[in-house]
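Biologist: I'm new to reading models like this one. Could you show it to me and let me ask how you arrive at your labels?

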Amino acid sequence: MNCGQAREIAIADELGYDYLEMRQWKTEAFLREQPVERLRALFVESRVKPLSINAIEPICVGPGENEQQFTGRVRSLLQIAGAIGCECVVANAYGIAPDVSPQQGKRMMIDGLKIASDIAAEYNVQLAYEFLTRQYPAHTIADTMDVLEAVDRDNVGWLLDFHFF
């Protein structure tokens with residue numbers, strides 16, 4: 001929706017939705033103006049529950065970023081999810097450096113998902129890995145299975161978005 005986070009929650013409530021997939025950028029914009037407690041209160045006051053926050057992008061150390069910056073970026077979003085009672089955060093490769101090989105990109109995503117998994121466990125949050133189109137290192141069902149098997153964490157699963165089919 002083309003509106004802010006508070007309005008999006010209100011519209012979802014007015015339309016009778018049970019859940020809302022939140023966009024990371026809207027959540028962060030809201031939190032620049034309001035405390036996280038207010039965001040949690042908006043959900044409590046409505047009948048809408050936060051289904052997921054979309055997304056940790058990229059789910060690896062991104063261009064111009066070091067591991068400490070990546071960890072801080074991941075922790076910030078997972079901490080928000082935990083504070084508002086959102087049990088799932090989506091993670092994908094959007095924004096990964098375009099010049100990495102498929103093998104290197106897969107390794108980066110596996111390492112990133114493991115780091116994020118450890119942090120997510122602190123906040124009782126699940127991660128949903130979403131594979132994207134061919135321009136990203138893991139873009140097939142087989143690639144995704146390879147990534148998830150290599151990560152091998154109980155709190156990391158698969159988001160299969162049917163718009164790819």
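Modeller: Sure, let's begin with a definition: helices (H or I, at least four residues) and strands (E, at least two) are DSSP runs, numbered from the N terminus. Counted that way, the chain has six helices and five strands. Their order from the N terminus is α-β-α-α-β-α-β-α-β-α-β.

Biologist: And what do I need to know about the model itself?

Modeller: This is a predicted model, where local features need pLDDT of at least 70, side-chain atom pairs count only at pLDDT 80 or more, and totals for chains, interfaces and linings use all residues. Residues are numbered from 1 along each chain as its sequence is written, and side-chain values use heavy atoms, with hydrogens and water left out.

Biologist: How do you know that the radius of gyration agrees with a compact globule?

Modeller: The radius is taken over C-alpha atoms, and the globule rule is 2.2 Å times the number of residues to the power 0.38. For 165 residues that gives a value near 15 Å, and the chain has 16 Å, so the two agree. The C-alpha trace spans about 45 × 35 × 30 Å along its principal axes.

Biologist: Why is Pro137 called buried?

Modeller: Buried means under 20% relative accessible area, exposed over 50%, partly exposed in between (1.4 Å probe, protein chains only). Pro137 has 10% relative accessibility, so it counts as buried. Across the chain, buried residues make up 42% of the 165.

Biologist: Where is Pro137, and what does Pro137 touch?

Modeller: Pro137 lies in the loop between E4 and H6. Contact means heavy atoms within 4.5 Å. Leaving out residues up to four places away in sequence, Pro137 touches Ala93, Ile96, Pro102, Gly105, Lys106, Met109 and Asp143. Pro137 and Lys106 are 31 residues apart in sequence, yet 5.8 Å apart in space, C-alpha to C-alpha.

Biologist: What makes the reach of H5 close to the expected one?

Modeller: The expected span of a helix is 1.5 Å times one less than its number of residues. Helix H5 (residues 102-122) has 21 residues, giving 30 Å, and it reaches 31 Å from its first C-alpha to its last. Its buried residues include Gly105, Met108 and Met109. Among the elements covering the buried residues of H5 are helix H4 (67-84) and strand E3 (88-91).

Biologist: Which residues of H1 and H2 meet?

Modeller: Gln5, Ala6 and Glu8 in H1 meet Lys26, Thr27 and Phe30 in H2.
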